[in-house]
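Reader: I'd like a close look at how the helices pack in this one, and at the aromatic side chains around them. Could you walk me through that part slowly?

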Amino acid sequence: MENTISRIIGHLFDKYRDCTEGNVADYIPELTKADPEWFGISVFTVDGHGYSIGDCEQTFTIQSISKAFTYGMILDAHGIDEVEKRIGVEPSGEAFNSISLDPGTGRPFNPMINAGAIAATGMVKGDGFEQRFEQIRAKFSAYANNDLPVDEDVYRSESATGFRNRAIAYLLRNFGVLDDPVEESVEVYFKQCSILVTCRDLALMAASLANGGINPVTEERVLMPQNVERVLSVMSTCGMYDYSGEWIFKVGLPAKSGVGGGVLGVLPGQLGVAVFSPRLDAKGNTVRGVRAFSELSKLFNLHLFNSPSVSRQVIRRVYKLSEVGSHRQRPKAHHQAIREHGSSVVIIEMQGDLFFAAVERLVRKITSNAEEAWTIVIDLSRVSLTDRATEDLLNKTVTEQVETGKQVIFVDPAPVLDRDRFSSSEVKAKFATDIDNALEYCENLIVKEHVKQPAVSGLHAFHDFDIFTGLTSKELTEIESLLEMETFPAGSKIVEQGSPADQLYLLAKGSVSIFHNSKNGTERRQRVAAFSRGVPFGELSVIDGSPRSADVWADEESTCYTFSLEALRKLESASPTVHAKILRNILLINVDRLRRCNQEIASLKA
C-alpha cells in the first residue's frame, strides 16, 4: 500500500522519466545495448523497509560502483595501514580512467578511480583468478541479499577493449603497488565491474553502509564498523569522479556512480538510495540520477551537513526511588524505609540514540545528582544505538563515580553497551535486564541496611504481619489456631488465574511473583508484581468472592501461612471484632499500595 513517502518518490519519478539528456556509455561495446529509457528509483531504510518505483528489477552491470565495496573488503582483510601503503585517499579531480598517481610514491590518489580500484582488486586475497573473483561476488551478494550473477558478454567486451586499464596496471606494477600476476588482477577487476545488479540491490547495498556495515534485511555484518566511515569518507570526496565537489555541495551524500547507469547514495544511520538510468552526462554520471538525487535530498533533508540537532528529550525523565519503586510488595516498615532513604537512588531514563550530544547531557545530569545520590541507575531500555567513542566517554564517567564511592547500574536489555568493558574490575558497573529488577535490587539494599529483620527459624512470624496490626495477644492466639502452613517448591504455581478464591496467603519465607496469563492461558505475560516475605496475597478475591485475577508463582522455595475461607467465616461468626480488625488492616494495606501508585504516576508525569 502506498504512503506519503512512496507517493513523493513516485512524483519524482514522473517528473524525470521524460528527461532524454545524456548518452548511453559506448566505450565498452556491450554497454550500448542498454535501453536508454530504463529508469528506477529505490530507497531502503536501516530497519529494512524498501520503496521502489520504475525499472528497479532490471539488471545492469555494477561497473565503478563496485570500487567502494572492494575497497571495504581489503580494509577488512588487511587493515588501513597496509592499504594506505598502496592506495591514497585524496581526490584526483580528474576523470575516472585518468592515470593519477602520486609522483613520489606511485600510489593511486584514491580507490574510486580506475588506478586505485585495480590496486584494490590486486589486494583481494585468494588462490587464483576464480577464487579471488568469487570472494568479491559473494561479498557483493551478501550486501544485496541476492545471489548476483555476471554478464559474461560485458566481461568479455571489457577484457577485449581494456588496453588503458592494462597500461595502468603495469604502471602500478612498476611502482610496486600491484603484485604479480598483473593480468590476473586486471581480469578480476574487469569481471567485478561486470557483476549484474538491480536498482533495488544497490539501494540495499547502500542501506548496509548506512546501517553501520550490517545488512538491514538479513542482519548479517558485511563490513567492519571502523571501515564503514573510511569507505563513506572516500565516497564523499571521490565517489562521483571530477563531479564529487559539486555533488557533495548540492546533494550532500556519500555516493558512487557507474557507467552502467547506476548511482547510490548513503545517509548514515538512516537510509540508502539508488537510481538507475543509462543516459550519462559528460562526466560519466547518470543524468536522471543526479537530478533525482538533488531533489530527493532537498525534499527529505538528506544533506549530510544539515543533520538535525539531537532532541532535547534524549533524557526522558529523572526520578528517585523514594518516588517510584519496583513492583515488589513488602511489609509497611520496608516501604517506609524505602521512602525515607530512596532519594539516594537516582534513575535517569534515556531514549533515542546515544551519541556524543546525548551522552554529554547524560554526563551533566549524573554530575548534578552525584552529591545526593549513592546509586545512579541509567535506564537504556529505549536506546538502540551508540558508538565506541560515546562508550569511552560514558565509561570514564562511570569510573569517576565509582572511584568516589558511588554505585552505577545500567538497565540495558538489548544490550547497547559492551558489558565486559563496563563491568570490569576497574569500572565495576552493574547491569539489570529491566528497570523493575534494578529498582528491586536497590530497595533490597536499603531494607537490608535500615530495617531489622524479624525472623523465627527463618520465617517471618505470623504476628508481625501488617494484616494483624492492633490485635491483642489473646486475639493473635485465636488467629494462630486457625492458620495452616504450606511450602511450595521453586517454580511451582501457587494460585491459578480464574480459580475460585478458597484461602488467603501470608508469605512467611521466600518470594513469589504475579503474572497475568495470555488470552489462551498458555503463556505468562510480563511480571506485574512480586511479593516479599511478610506480605499477604490473594486477600481481595477472598473478600469479594471473585475468581483469582492472576497466577502466582514461587520464585524460590516459599512457605506460606494459609487462612482458609472457611476459617475466616468461622472467625467472623465467633469473633466479629477480630474479623473487622483484619478487614480494616487489609483495607489499609491496599490504600497504602494505591497511594504509592498515585505518587508514582504523579512523579512520572512531572
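Author: Let's start with what a crossing angle is: each axis is a line fitted to C-alpha atoms, for helices over the stretch in contact, and the angle runs from 0 to 180 degrees between N-to-C directions. Keep in mind that this is a predicted model.

With that in hand, take helix 14 (residues 356–369) and helix 15 (residues 388–403), whose axes come within 10 Å and cross at roughly 10°. Angles under 35 degrees count as roughly parallel, so helix 14 is roughly parallel to helix 15. On the helix 14 side, the contact is made by F356, V359, L362, V363 and I366, and these meet T390, L393, L394, T397 and Q401 of helix 15. Sort the residues of this contact by type and you get seven nonpolar, three polar and no charged.

Now swing over to helix 5 and helix 9 (residues 199–210), which pack at an angle of about 85° with their axes 7 Å apart. Since 65 to 115 degrees counts as roughly perpendicular, helix 5 and helix 9 are roughly perpendicular to each other. Helix 5 brings F140, Y143 and A144 to the contact, and helix 9 brings D201, L204, M205, S208 and L209. The split here is six nonpolar, one polar and one charged.

Two of those helix 5 residues turn up again among the aromatics. The model has 15 aromatic pairs. In one of them, the ring centres of F69 and F140 are 6.0 Å apart and the planes stand at 65°, so the pair is edge-to-face. F69 belongs to helix 2 (residues 66–78) and F140 to helix 5 (residues 129–144), so this pair ties together parts that are 71 residues apart in sequence. How buried are the two? F69 has 2% relative accessibility and counts as buried, and F140, at 0%, counts as buried too.

F69 also pairs with Y143, again edge-to-face, at 4.7 Å centre to centre with 70° between the planes. Here too F69 sits in helix 2 and Y143 in helix 5, so the pair ties together parts that are 74 residues apart in sequence. Like F69, Y143 is buried.

Y143 leads on to V222, in the loop between helix 9 and helix 10 (225–238). V222 is buried, with a relative accessible area of 2%. Leaving out residues up to four places away in sequence, V222 touches D76, K139, A142, Y143, S208, G213 and N215. Y143 and S208 are also on the list for the contact of helix 5 with helix 9. V222 and F69 are 153 residues apart in sequence, yet their C-alpha atoms are 9.7 Å apart in space.

There's a charge to look at as well. The charged end of K191 sits over the ring of F133, 5.0 Å from its centre. K191 also lies over the face of Y155, at 5.4 Å from the ring centre.

Elsewhere, F462, F465, F468 and Y561 form one aromatic cluster.

One last stop is I9, in helix 1 (residues 4–16). I9 is buried, with a relative accessible area of 2%. Setting aside its neighbours within four places in sequence, I9 is in contact with I41, V43, Y51, I53, L296 and F300. Of these, I53 is 44 residues from I9 in sequence and 7.6 Å away, C-alpha to C-alpha.

Terms used: Residues are numbered from 1 along each chain as its sequence is written. This is a predicted model: local features need pLDDT of at least 70, side-chain atom pairs count only at pLDDT 80 or more; totals for chains, interfaces and linings use all residues. Side-chain values use heavy atoms; hydrogens and water are left out. Rings of Phe, Tyr and Trp (its six-membered ring) pair if their centres lie within 6.5 Å; planes under 30 degrees apart count as stacked, over 60 as edge-to-face and the rest as tilted. Helices (H or I, at least four residues) and strands (E, at least two) are DSSP runs, numbered from the N terminus. Buried means under 20% relative accessible area, exposed over 50%, partly exposed in between (1.4 Å probe, protein chains only). A charge sits over a ring if NZ of Lys or CZ of Arg is within 6 Å of the ring centre and within 35 degrees of the ring normal. Angles under 35 degrees count as roughly parallel, over 145 as roughly antiparallel, 65 to 115 as roughly perpendicular and the rest as oblique. Contact means heavy atoms within 4.5 Å. Ala, Val, Leu, Ile, Met, Phe, Trp, Tyr, Cys and Pro count as nonpolar, Asp, Glu, Lys and Arg as charged, and the others, Gly among them, as polar.
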